[in-house]
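I opened a fresh page to jot down what I look up in this structure. Notes go in the order I checked things.

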Protein chains: 2
Amino acid sequence: MGRWEPNARGRLEQAALELYIERGYEQTTVAEIAKRAGLTERTFFRHYADKREVLFAGAGALQELFVSAVAGAPGSAAPIEAVGAALEAAAVVLQERRDSARRRQTVIAANAELRERELIKLASLSAALADALRQRGVADTAAGLAAEAGIAVFKIAFERWLDETGRRSLAQLIQESLDELRDVTAGRPSAER
Amino acid sequence: MGRWEPNARGRLEQAALELYIERGYEQTTVAEIAKRAGLTERTFFRHYADKREVLFAGAGALQELFVSAVAGAPGSAAPIEAVGAALEAAAVVLQERRDSARRRQTVIAANAELRERELIKLASLSAALADALRQRGVADTAAGLAAEAGIAVFKIAFERWLDETGRRSLAQLIQESLDELRDVTAGRPSAER
DNA sequence: AGCTCCGATGTCAGTCGCTGTCATCAGCTA
DNA sequence: TAGCTGATGACAGCGACTGACATCGGAGCT
């Protein structure tokens with residue numbers, strides 16, 4: 001039990017998300033977030049490096065999930081298969097949270113600064129993925145390419161998952177996108193519109 | 001002849017790059033940049049939306065180059081081939097500017113905000129590439145994947161081009177990376193370390 | 001030439017994100 | 001009970017960025 005109201009971080013995240021939805025990211029001041037959480041602006045910045053970071057608290061956990069999935073893939077798995085395993089592990093975790101993911105994504109999509117922050121989180125994910133592949137003995141360039149390709153697939157599958165009415169699971173969409181990426185890079189002509 | 005000293009934008013870009021190199025991005029204030037360019041802080045913000053944007057003035061031209069290269073690719077070219085053509089066109093333009101590209105990249109790599117801005121420029125490039133592919137009749141998902149894959153290849157080839165002592169051209173490195181991406185996504189085991 | 005228009009710049013005040021510093025407060029331990 | 005410590009508050013200050021208004025000087029018109 002804390003000495004003050006417990007879970008200050010959680011209250012800040014909740015308040016920030018609410019306000020970003022209600023009035024938009026730019027129209028929300030950090031002082032307002034802190035006030036709604038029953039804290040002061042200064043305390044907000046002790047918990048989060050900046051006004052954007054409060055929306056990305058889960059990024060660290062996701063990255064650990066990715067890395068351990070790659071590390072845990074069978075030694076016989078090809079790099080792209082290890083990456084696929086990581087993406088599927090993430091899909092399982094995210095599958096239950098589609099509504100909240102969609103709310104969050106709506107906020108992010110509406111603001112360029114937040115999109116920038118999301119992109120650097122994905123880049124960090126890619127770098128961690130590449131490192132994990134190198135740990136498995138994958139050559140430098142191949143590791144970087146497999147990681148970037150995996151993140152590209154994740155981005156596109158995730159976007160479709162949130163857009164769709166929701167028949168297919170995230171894992172399915174990831175698998176399909178991975179297959180389609182293989183076809184596309186092979187120069188195979190895909191279905192036209 | 002302009003009424004004031006001409007080429008205010010160019011002077012601002014020059015001054016900013018110099019100062020970012022001399023004392024670092026964070027340690028440079030906009031007022032200092034403006035002063036070195038013989039202007040005021042307010043005028044800086046009339047030319048550039050923020051302190052980061054002054055480093056990315058060329059992004060628009062690069063994007064147009066990408067788009068017109070895709071649009072100009074033969075109708076028989078597969079999506080990934082059209083993307084490859086765009087990357088090669090960019091490589092030709094960049095090939096002559098390795099030193100200045102390296103200086104710029106050193107500044108960007110040293111600061112997270114600048115890396116974020118670079119990533120969103122690349123994302124914008126990817127979106128434009130995908131749109132250009134859709135114009136050619138490529139299906140939505142395939143267009144998005146081909147574009148993201150192309151940008152991934154560009155990122156990695158560009159990085160290697162700047163790192164290497166410089167034997168291979170950027171165009172060569174892009175071609176090799178494109179080939180390696182095809183192998184990696186096909187699950188083909190690549191050389192290990 | 002004289003006049004007017006207009007776009008680029010300067011000036012100034014103000015908001016807000018973010019930081020450094022010091023005080024305070026609540027529980028824990030000796 | 002007397003510290004000790006970690007989380008918080010209070011406050012001053014810097015710098016990025018914006019809105020409003022003044023100014024300046026060339027372009028075009030009469």
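**Entry 1: Ala15(B)**

I started with Ala15(B), which is buried because 21 other C-beta atoms lie within 10 Å of its own, and 20 are enough to count. Worth keeping in mind on every page: this is a predicted model.

Where does Ala15(B) sit in chain B? I found it in helix H1, which covers residues 8-23. Next I asked which residues Ala15(B) is in contact with, once its neighbours within four places in sequence are left aside. The list I got is Ile33(B), Arg36(B) and Ala37(B). I also checked Thr40(B), which is 25 residues from Ala15(B) along the chain. The C-alpha atoms of that pair are separated by 13 Å.

**Entry 2: chain A as a whole**

I counted elements in chain A and got nine helices and zero strands. Reading from the N terminus, I wrote the order down as α-α-α-α-α-α-α-α-α. The box filled by the C-alpha atoms of chain A is roughly 55 × 40 × 25 Å along the principal axes.

How many of the 193 residues of chain A count as buried? I noted 38%. Then I looked at contacts in chain A between residues at least 6 apart in sequence, and 59% of these join residues at least 24 apart.

**Entry 3: domains of chain A**

The domain assignment splits chain A into domain 1 (8-51) and domain 2 (58-186). I put their C-alpha centres 28 Å apart. Six residues from domain 1 of chain A and six residues from domain 2 of chain A take part in the contact. I sorted the domain 1 side by class and got four nonpolar residues, one polar and one charged.

**Entry 4: DNA strand C**

Which residues come nearest to DNA strand C? There are 15 residues around this strand, and the nearest are Asp50(A), Lys51(A), Ala8(B), Arg42(B) and Thr43(B). I see both chains in that list.

Going by element, I found at least two residues of this surface from each of H2 (30-36) of chain A, H3 (41-47) of chain A and H3 (41-47) of chain B. H3(B) gives the most, with three residues. By class I have six nonpolar, three polar and six charged residues near strand C.

**Entry 5: DNA strand D**

I repeated the lookup for DNA strand D. It also has 15 residues around it, and Ala8(A), Thr40(A), Thr43(A), Asp50(B) and Lys51(B) come nearest. The elements giving two or more residues here are H3 of chain A, plus H2 (30-36) and H3 of chain B. For strand D, H3(A) gives the most, with three residues. My class tally for this surface reads six nonpolar, three polar and six charged.

**Entry 6: how the two chains relate**

What rotation superposes chain B on chain A? I got 180 degrees, with 0.0 Å of shift along the axis and an RMSD of 0.0 Å. So I wrote down a two-fold axis, since that is the relation these values describe. The chain B C-alpha nearest the axis belongs to Glu116(B), at 2.6 Å from it. I also checked the contact surface, and the same one serves both copies: 100% of the contact residues of chain B recur in chain A.

Conventions
Residues numbered from 1 in each chain as written. Chains lettered and ligands numbered in written order. Predicted model: local features only at pLDDT ≥ 70, side-chain atom pairs only at ≥ 80, totals over all residues. Helix = DSSP H or I, 4+ residues; strand = E, 2+ residues; numbered from the N terminus. Buried ≥ 20, exposed ≤ 12 C-beta atoms within 10 Å, placed from the backbone. Contact = placed C-beta atoms within 7 Å. Domains from an automatic or database assignment. Nonpolar A, V, L, I, M, F, W, Y, C, P; charged D, E, K, R; others polar. Near = placed C-beta within 6 Å. Least-squares fit on C-alpha atoms with pLDDT ≥ 70 in both.
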